[in-house]
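Visitor: I should like to learn how a protein model is read, feature by feature. Where does one begin?

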Amino acid sequence: MKNIMQMMKSAQELQARMQAAQAELEALQIEGRAGAGLVSVTLSGKGELVRLKIDPSLLKPDDAEMVEDLIVAAHQDAKVKADQATQEKMRELTGGLPIPPGLKLF
């Protein structure tokens with residue numbers, strides 16, 4: 001019975017740490033850049049677009065396709081950084097133990 005109580009307590013502690021980590025990740029703002037910083041995208045820790053900046057020098061009708069490509073590249077850069085931050089937080093929470101594939105904790 002004592003082991004069950006210890007397991008329950010450990011599970012509750014892990015759940016509390018997971019909730020705190022999730023809140024921390026949601027508060028993050030991760031910036032991705034492309035075109036030597038001419039385009040930047042800021043995502044929340046949940047991957048939601050928060051801000052988009054385009055250098056005015058790119059705002060010419062002839063450059064529309066290039067600007068579109070830079071926006072996509074900046075978004076991808078920010079997404080990779082956000083995914084890395086999530087993975088790092090998970091490693092901290094699990095002590096480096098692998099999480100089963102497909103198990104989403106955030």
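Guide: We shall go from the overall layout to the sheet, the helices, the core and a few single residues. The model is predicted.

Visitor: How many helices and strands does the protein have, and what pattern do they follow along the sequence?

Guide: There are 2 helices and 3 strands. Along the sequence they follow the pattern α-β-β-β-α.

Visitor: What general idea should I keep in mind for the sheet?

Guide: Strands of a sheet pair through backbone hydrogen bonds, in either the parallel or the antiparallel sense. In this structure, the 3 strands form an open sheet with the order β1-β2-β3 and antiparallel pairing. β1 (29-34) and β3 (49-54) stand at the edges; each has a single partner strand, so one side of each lacks a neighbour in the sheet. Neighbouring strands are turned by 15 degrees against each other on average, with direction ignored.

Visitor: Over how many bridges do β2 and β3 pair?

Guide: β2 and β3 pair over 5 bridges, in the antiparallel sense. Valine 41 has leucine 52 of β3 as its bridge partner, and threonine 42 stands opposite arginine 51, also in β3.

Visitor: What is found in the hairpin of β2 and β3?

Guide: The hairpin has 4 residues between its strands, and glycine 47 takes a positive phi near 90 degrees. Another glycine with positive phi is glycine 95, which follows α2 and has a value near 65 degrees.

Visitor: How should I read a helix?

Guide: An α-helix has 3.6 residues a turn, so residues three or four places apart point the same way. One therefore asks which residues are buried, and against what they pack. In α1, the buried residues are Met18, Ala21 and Leu25, and they pack against α2.

Visitor: Which residues of α2 are buried, and against which elements do they pack?

Guide: The buried residues of α2 are Val67, Leu70, Ala74, Ala78, Ala82, Lys89, Met90, Leu93 and Thr94. They pack against α1, β1, β2 and β3. As for the sheet, α2 packs on it by touching β1, β2 and β3. The direction of α2 makes about 140 degrees with that of β1.

Visitor: What span should each helix have at 1.5 Å a residue?

Guide: For α1 (residues 2-27), with 26 residues, the expected span is 38 Å, and the end C-alpha atoms are 38 Å apart, which agrees. For α2, with 31 residues, the expected span is 45 Å, and its end C-alpha atoms are likewise 45 Å apart.

Visitor: Which residues form the largest nonpolar core?

Guide: The largest nonpolar core has 9 residues: Ala34, Val39, Val41, Leu43, Leu58, Val67, Leu70, Ala74 and Ala78. β2 (39-44) and α2 (64-94) each supply at least two of its residues. The largest share, 4 residues, comes from α2. One member, alanine 34, touches Val39, Leu70, Ala73 and Ala74, apart from residues up to four places away in sequence.

Visitor: Is serine 40 buried or exposed?

Guide: Serine 40 lies in strand β2. Its relative accessibility is 6%, and the limit for a buried residue is under 20%, so serine 40 counts as buried. Beyond its neighbours within four places in sequence, serine 40 is in contact with Glu31, Gly32, Arg33, Arg51, Leu52, Lys53 and Ala74.

Visitor: Where is serine 57 found, and which residues does it contact?

Guide: Serine 57 is in the loop between β3 and α2. With a relative accessible area of 37%, serine 57 is partly exposed. Apart from neighbours within four places in sequence, serine 57 is in contact with Leu38 and Asp63. The C-alpha atoms of serine 57 and leucine 38 are separated by 8.4 Å, although the two are 19 residues apart along the chain.

Visitor: What values describe the protein as a whole?

Guide: Of the 106 residues, 22% are buried. The protein exposes about 7700 Å², with carbon and sulfur atoms supplying 57% of it. Among contacts with a separation of 6 or more, 42% involve residues 24 or more positions apart.

Technical notes. Residues are numbered from 1 along each chain as its sequence is written. This is a predicted model: local features need pLDDT of at least 70, side-chain atom pairs count only at pLDDT 80 or more; totals for chains, interfaces and linings use all residues. Side-chain values use heavy atoms; hydrogens and water are left out. A nonpolar core is a set of buried Ala, Val, Leu, Ile, Met, Phe, Trp, Tyr and Cys residues joined through side-chain atoms within 4.5 Å. Buried means under 20% relative accessible area, exposed over 50%, partly exposed in between (1.4 Å probe, protein chains only). Contact means heavy atoms within 4.5 Å. The expected span of a helix is 1.5 Å times one less than its number of residues. Two strands pair if DSSP finds at least two bridges between them. Axes are lines fitted to C-alpha atoms, for helices over the stretch in contact, and angles run from 0 to 180 degrees between N-to-C directions. Accessible areas come from the Shrake-Rupley method with a 1.4 Å probe; for residues, only the protein chains shown count as cover.
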